[in-house]
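User: I would like to learn how to read a model of this kind, moving from the whole chain down to single residues. Could you take me through it step by step?

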Amino acid sequence: MFERFTKDARAVVEGAVSHSGRVGAETVEEEHMLLSLLDREGSRGSFALTSLGESGFREFLERDLAEARRRGGLSRADADALSGLGIDLSEIVSRIEEAHGEGALESGGRGGNGRRARRRPFGQGAKDVLVRALRIAAARRDRHIGDEHLLLAITLRGGVAAEVLADHGVTYESVTRVLYGGAGAAGEGGVAEAG
């Protein structure tokens, strides 16, 4: 599959691995891909993000992603589901942080643990993004997988990264509109249902 990736898409994947390493995460996740997409300039994916993002967009996204990490990676939808069961996630996070320090629920380590750097595997979320990007490109009859396909896949996957983007008006529909014009959602139904 990677042989079909454009230079920009490969740079996003490599950047995601770097972001994962900087925060000491055990795996590369879609959040790291999103942060890597934000690093890009002059690509189709970065064009879509720039077109849709407001002033301070990157800072807002980083803040919202950090807040989700603080909740142990749970989305607001997860928190709402727990709330429906009478579980106050904010209270649990506060109590855990009182006992174990701020950020105790964040996934990944905080710095080195004496082990050598190793190849970080892709988590299920990141794998899903890669597969969806392939499906989106195929549905659009694109010959290559670009960073725009990765962005579209992140918006479709659900979870924290998609939720954070949607909070700022970046959805599958809005990205498709920017990249392909008003009727650019060809293949959307089949892609959204797949995976």
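Analyst: What follows goes from the overall make-up to two helices, then to the core and to two of its neighbourhoods. Please keep in mind throughout that this is a predicted model.

User: How many helices and strands does the protein chain have, and what share of its residues is buried?

Analyst: A useful start is to list the elements and then to ask how much of the chain is covered. The protein chain has eleven helices and zero strands, and 40% of its 195 residues count as buried. The accessible surface comes to about 10300 Å², with 49% of that area belonging to carbon and sulfur atoms. As for contacts in the protein chain with a separation of 6 or more, 68% of them are accounted for by residues 24 or more positions apart.

User: Where on helix α4 do its buried residues lie, and what covers them?

Analyst: One first checks the span of a helix, and then the directions in which its buried residues point. Helix α4, residues 57-70, reaches 20 Å from its first C-alpha to its last, close to the 20 Å expected for its 14 residues at 1.5 Å a residue. Its buried residues are F57, L61, D64, L65 and A68. Because these cover an arc of only 100° around the axis, they lie on the same side of α4. Their cover includes α2 (30-39), α3 (44-52) and α9 (160-167).

User: Which residues of α7 are buried, and what follows that helix?

Analyst: The same reading applies here, beginning with the span. Helix α7, residues 124-139, has 16 residues and reaches 22 Å between its first and last C-alpha, close to the 22 Å expected. Buried in α7 are G125, A126, V129, L130, R132, A133, I136 and A137. The helix is followed by R141, whose phi is positive, near 60°.

User: Which members of the largest nonpolar core touch the most other members?

Analyst: For a core, one asks who its best-connected members are and which elements supply it. This core has 39 residues, of which M33, L49, L150, I154 and L165 touch the most other members. At least two residues of it come from each of α1 (7-22), α2, α3, α4, α7, α8 (147-157), α9 and α10 (172-180). Neighbours within four places in sequence aside, M33 is in contact with V12, V13, A16, F122, A126, V129, L130 and I154.

User: Is S36 buried or exposed, and what is it in contact with?

Analyst: Here one compares the relative accessible area with the cut-off for burial, which is under 20%. S36, which lies in helix α2, has a relative accessible area of 2% and is therefore buried. Beyond its neighbours within four places in sequence, S36 is in contact with A11, V12, G15, A16 and H19.

Note on methods: Residues numbered from 1 in each chain as written. Predicted model: local features only at pLDDT ≥ 70, side-chain atom pairs only at ≥ 80, totals over all residues. Heavy atoms only, no water. Helix = DSSP H or I, 4+ residues; strand = E, 2+ residues; numbered from the N terminus. Expected span 1.5 Å × (residues − 1). Buried < 20%, exposed > 50% of the residue type's maximum accessible area, 1.4 Å probe, protein only. Arc of directions from axis to C-beta. Contact = heavy atoms within 4.5 Å. Areas by Shrake-Rupley, 256 points an atom, 1.4 Å probe, with all protein chains shown as cover. Core = buried A, V, L, I, M, F, W, Y, C linked by side-chain atoms within 4.5 Å.
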